[in-house]
Amino acid sequence: MRVMGVDPGLTRCGVAIVEGRPGARPGLVAVGVVRTSPDMPHEYRLLRLEEGLTGWYDAYHPETLAIERVFAQHNLHSVTGIAQAAGIAMLIGARHDTPVALHTPSEAKATITGSGRADKKQVATMVARILGLATPPRPADAADAVALAITHLWRGGVQARYTEAAAAAARRRAS
């Protein structure tokens with residue numbers, strides 16, 4: 001299965017393509033970030049993000065998008081941009097009739113490191129170890145996107161089938 005992991009962000013949106021299946025070591029296909037400048041008008045940052053994520057989707061044709069579930073933090077201004085970025089990633093999945101799975105940060109941390117309270121450095125180190133890389137993907141947003149994709153590969157089997165069935169039912173109702 002090919003999964004596109006997305007760590008949503010407005011300035012840096014981590015993106016990763018990982019292939020694998022449960023019980024086998026996943027393989028990293030590609031990793032990077034889509035960047036937008038804080039100096040750009042907000043609506044153009046969102047457009048640039050959509051173009052970048054669509055480019056990744058079109059280049060790699062993932063079977064699922066694994067996106068970090070946004071939760072309210074103390075900084076409401078930053079969570080708004082993160083939620084908008086996550087929404088754009090979900091829209092790309094819907095536009096291409098591709099299942100979308102949301103995973104919480106603590107779920108990804110627990111899957112990758114064994115602790116839902118791991119810091120970014122611990123996650124990046126374990127991502128490198130799991131994939132057999134000499135160094136962790138950089139920046140941290142990219143490593144987080146890889147962690148989300150691996151989380152989905154390892155934990156998303158039943159969840160993915162449920163999501164796919166629910167999406168198919170919704171499409172039938174919309175027709």
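In this predicted model, five strands form an open sheet in the order β3-β2-β1-β4-β5, and their pairing is mixed. The two edges of this sheet are strand β3, residues 27-35, and strand β5, residues 100-103, each of which has a pairing partner on one side only. From one strand to the next, the twist averages 20°. For readers new to sheets, it helps to recall that strands pair through backbone hydrogen bonds, in either a parallel or an antiparallel sense.

One pair offers a good place to look at this arrangement. Strand β2, residues 12-19, pairs with β3 in the antiparallel sense, and eight bridges link the two. Along this pair, Ala16 stands opposite Val31 of β3.

A helix accompanies the strands. Helix α1, made of residues 42-60, lies across β1 (2-7), β2, β3 and β4. Relative to β3, helix α1 runs at about 165°.

Attention now turns to a single residue of the sheet. Glu68 belongs to strand β4, which covers residues 64-68. In the UniProt record, an unreviewed entry, Glu68 is covered by the annotation "binding site". Is this residue, Glu68, buried or exposed? Glu68 counts as buried because its relative accessible area is 17%, and the limit for a buried residue is under 20%. Leaving aside residues up to four places away in sequence, Glu68 touches Val6, Asp7, Pro8, Ala86, His103, Pro105 and Leu148. Following these contacts in the structure above is a friendly way to explore the surroundings of Glu68.

Notes
Residues numbered from 1 in each chain as written. Predicted model: local features only at pLDDT ≥ 70, side-chain atom pairs only at ≥ 80, totals over all residues. Heavy atoms only, no water. UniProt positions renumbered as here; feature names shortened; annotations may be inferred. Helix = DSSP H or I, 4+ residues; strand = E, 2+ residues; numbered from the N terminus. Buried < 20%, exposed > 50% of the residue type's maximum accessible area, 1.4 Å probe, protein only. Contact = heavy atoms within 4.5 Å. Pairing = 2+ DSSP bridges. Axes fitted to C-alpha atoms, helices over the stretch in contact; angles between N-to-C directions.
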